Amino acid sequence: FITQTWWDALLVTYAERDQNTMQGELTLTYARRVATFKLIMTDVRAMFLESVFWTSFLHIPRLFDTLQDNRRRQSIQPSLLLSILSVGVLTQSSEAKLGARGRERALELNEFAHSAFHASLLSNRVNVGLLYAAWVCLHSRSSTHPVD
């Protein structure tokens with residue numbers, strides 16, 4: 001059930017960022033789903049534009065093809081996409097762009113990724129995507145916390 005509904009939960013979470021969507025709204029119109037998908041893809045692209053050198057283990061065209069295919073999207077590790085989104089939002093979170101609000105959002109997405117990672121482990125949904133998710137999640141966490 002989780003593998004079939006995580007995408008819808010992500011769409012609702014992302015749509016709540018938008019001021020035009022009420023908090024807690026569980027259904028999205030087709031137009032809102034398309035607009036929210038575009039927001040997600042923008043954040044995914046942002047990660048690859050800023051961080052392509054350390055993500056060489058990901059086949060970027062295949063990832064984008066999978067994200068755009070409703071049936072194949074279920075095969076993505078949710079923690080991988082969430083951690084990619086976390087880094088993507090973080091790369092856009094300078095004071096000139098998203099600012100502190102973006103950094104808070106990146107941390108929230110990283111927490112979601114961490115939870116999804118553990119849920120995959122507990123449900124034995126272990127594959128190479130989970131390894132990739134661990135790497136991206138680790139990078140995201142190390143980027144958001146300054147070294148003392």
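## Exercises on a six-helix model

The side chains of Gln 77 and Ser 120 form a polar contact at 2.8 Å; a polar contact is a pair of N or O atoms within 3.5 Å, where, within protein, one must be able to donate a hydrogen and the other to accept it, and residues adjacent in sequence count only if both atoms are side-chain atoms. The structure is a predicted model, in which local features need pLDDT of at least 70 and side-chain atom pairs count only at pLDDT 80 or more, while totals for chains, interfaces and linings use all residues. Residues are numbered from 1 along each chain as its sequence is written, and side-chain values use heavy atoms, with hydrogens and water left out.

**Exercise 1. Determine where Gln 77 lies and which residues are in contact with Gln 77, leaving aside neighbours within four places in sequence.**

Step 1. Gln 77 belongs to the loop between helix 3 (60-68) and helix 4 (78-91). Helices (H or I, at least four residues) and strands (E, at least two) are DSSP runs, numbered from the N terminus.

Step 2. Its relative accessibility is 2%, so Gln 77 counts as buried. Buried means under 20% relative accessible area, exposed over 50%, and partly exposed in between (1.4 Å probe, protein chains only).

Step 3. With neighbours within four places in sequence set aside, Gln 77 is in contact (heavy atoms within 4.5 Å) with Ser 120, Arg 125, Asn 127, Gly 129 and Leu 130.

Step 4. Of these partners, Gly 129 lies in helix 6 (residues 128-144) and is buried at 12% relative accessible area. Under the same exclusion, Gly 129 is in contact with Gln 77 and Leu 80.

Step 5. Ser 79, in helix 4, is buried as well, at 2% relative accessibility. Not counting residues up to four places away in sequence, Ser 79 touches Ala 113, Ala 116, Phe 117, Leu 130 and Ala 133.

**Exercise 2. Compare the expected span of helix 5 with the distance between its end C-alpha atoms, and list its buried residues.**

Step 1. Helix 5 covers residues 99-122, which is 24 residues. The expected span of a helix is 1.5 Å times one less than its number of residues.

Step 2. The expected value is 34 Å, and the end C-alpha atoms are 35 Å apart, which agrees.

Step 3. The buried residues of helix 5 comprise Gly 99, Gly 102, Arg 105, Ala 106, Leu 109, Asn 110, Ala 113, Ala 116, Phe 117 and Ser 120.

Step 4. Just after helix 5 comes Asn 124, with a positive phi of about 60°, although Asn 124 is not a glycine. Asn 124 sits in the loop between helix 5 and helix 6 and is exposed, with a relative accessible area of 66%.

**Exercise 3. Identify the salt bridges and state whether each participating residue is buried, partly exposed or exposed.**

Step 1. Side chains of opposite charge can pair when their charged atoms come close. The criterion for a salt bridge is a side-chain nitrogen of Lys or Arg within 4 Å of a carboxyl oxygen of Asp or Glu, and the structure holds 2 of them.

Step 2. One joins the side chains of Asp 8 and Arg 33 at 2.8 Å, N to O. This pair links distant parts of the chain, with Asp 8 in helix 1 (residues 2-17) and Arg 33 in helix 2 (residues 30-51), 25 residues apart. Asp 8 is partly exposed at 35% relative accessible area, and Arg 33 is partly exposed at 30%.

Step 3. The other joins the side chains of Glu 108 and Arg 105 at 2.4 Å, N to O. Both residues lie in helix 5, 3 residues apart, about one turn of the helix. Glu 108 is partly exposed at 35%, whereas Arg 105 is buried at 11%.

**Exercise 4. Describe the overall architecture and the largest nonpolar core.**

Step 1. The protein has 6 helices and 0 strands, in the order α-α-α-α-α-α along the sequence.

Step 2. Of its 148 residues, 43% are buried.

Step 3. A nonpolar core is a set of buried Ala, Val, Leu, Ile, Met, Phe, Trp, Tyr and Cys residues joined through side-chain atoms within 4.5 Å. The largest one has 34 residues, and those with the most contacts inside it are Trp 7, Leu 10, Val 44, Leu 81 and Ile 84. Two or more residues come from each of helix 1, helix 2, helix 3, helix 4, helix 5 and helix 6, and helix 4 gives the most, with 8 residues.

Step 4. Leaving aside neighbours within four places in sequence, Leu 10 is in contact with Ile 40, Leu 81, Leu 82 and Leu 85.
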